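Please open the structure in your viewer and keep the sequence panel at hand, since this tour moves from one selection to the next.

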Amino acid sequence: MPNQLNMSVVPSSMLHRPLPLVIIAASAGGLGPISEILDHYPSHLEVATVVIQHLSPDYRSELVKLLQSHTEQSVHELCDGTVLQAKNIYVIQPGMQIMLE
């Protein structure tokens with residue numbers, strides 16, 4: 001059973017409205033399509049973006065580095081307790097499941 005991450009979705013401005021969230025999901029081999037999406041992804045969007053790609057837990061992922069070259073937004077690896085912020089892209093770690101609160 002994969003490990004689980006817990007994250008909070010809160011707008012960086014701490015407004016009393018939910019932060020819009022975009023989820024991009026792909027199976028193994030989805031790097032090309034995800035990269036193409038990010039090549040054309042507007043950097044001014046006030047949304048948090050989470051990328052979920054099936055990756056082998058047996059290897060260290062370079063997905064953050066690979067995707068960063070396709071976007072002006074900052075790309076981060078999700079960690080337990082991460083607070084999502086607009087204009088940022090978050091990548092799930094290999095072998096992990098996420099639960100957004």
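Is Glu 46 buried, partly exposed or exposed? Select Glu 46 in this predicted model and show its surface: with a relative accessible area of 48%, Glu 46 is partly exposed, because that class covers the values between 20% and 50%.

Keep Glu 46 selected and add Lys 87, whose side chain meets that of Glu 46 in a salt bridge, with 3.2 Å from N to O. Side chains of opposite charge can pair when their charged atoms come close. The pair links distant parts of the chain, for Lys 87 sits in the loop between strand E5 (83-84) and E6, while Glu 46 sits in the loop between H1 and strand E3 (48-53), and 41 residues separate them. Lys 87 is likewise partly exposed, its relative accessible area being 36%. A search of the whole structure finds one salt bridge.

Next, select helix H1, which spans residues 31-39, and pick out Ser 35 within it. Ser 35 has a relative accessible area of 8% and is therefore buried, the limit for that class being under 20%. If you display the side chain of Ser 35, you will find one of its polar atoms 2.8 Å from the backbone oxygen of Leu 31. Leaving aside residues up to four places away in sequence, Ser 35 touches Leu 67 and His 70.

Leu 67 leads on to the largest nonpolar core, which has eleven residues, including Ile 24, Ile 34, Leu 38, Leu 63 and Val 91. Colour H1, helix H2 (63-68) and strand E6 (88-91), and you have the elements that give two or more residues to this core. Apart from this core lies another, of nine residues, among them Leu 19, Leu 84, Ile 92 and Met 96.

Now centre the view on Leu 63, a member of the largest core, and display its surroundings. Again without residues up to four places away in sequence, Leu 63 touches Leu 31, Gln 53, Leu 55 and Val 91; Leu 31 is also the residue whose backbone oxygen lies 2.8 Å from the side chain of Ser 35.

For the last stop, return to the surface and select Leu 21, Ile 23 and Leu 100, which together make a nonpolar patch of about 220 Å². Leu 100 belongs to strand E7, residues 96-100, and is partly exposed, with a relative accessible area of 33%.

Notes
Residues are numbered from 1 along each chain as its sequence is written. This is a predicted model: local features need pLDDT of at least 70, side-chain atom pairs count only at pLDDT 80 or more; totals for chains, interfaces and linings use all residues. Side-chain values use heavy atoms; hydrogens and water are left out. Helices (H or I, at least four residues) and strands (E, at least two) are DSSP runs, numbered from the N terminus. Buried means under 20% relative accessible area, exposed over 50%, partly exposed in between (1.4 Å probe, protein chains only). A polar contact is a pair of N or O atoms within 3.5 Å; within protein, one must be able to donate a hydrogen and the other to accept it, and residues adjacent in sequence count only if both atoms are side-chain atoms. Contact means heavy atoms within 4.5 Å. A nonpolar core is a set of buried Ala, Val, Leu, Ile, Met, Phe, Trp, Tyr and Cys residues joined through side-chain atoms within 4.5 Å. A salt bridge is a side-chain nitrogen of Lys or Arg within 4 Å of a carboxyl oxygen of Asp or Glu. Patches are made of residues with over 30% relative accessible area and no salt bridge: like charges are joined within 9 Å, nonpolar side chains (Val, Leu, Ile, Met, Phe, Trp, Tyr) within 5 Å. Accessible areas come from the Shrake-Rupley method with a 1.4 Å probe; for residues, only the protein chains shown count as cover.
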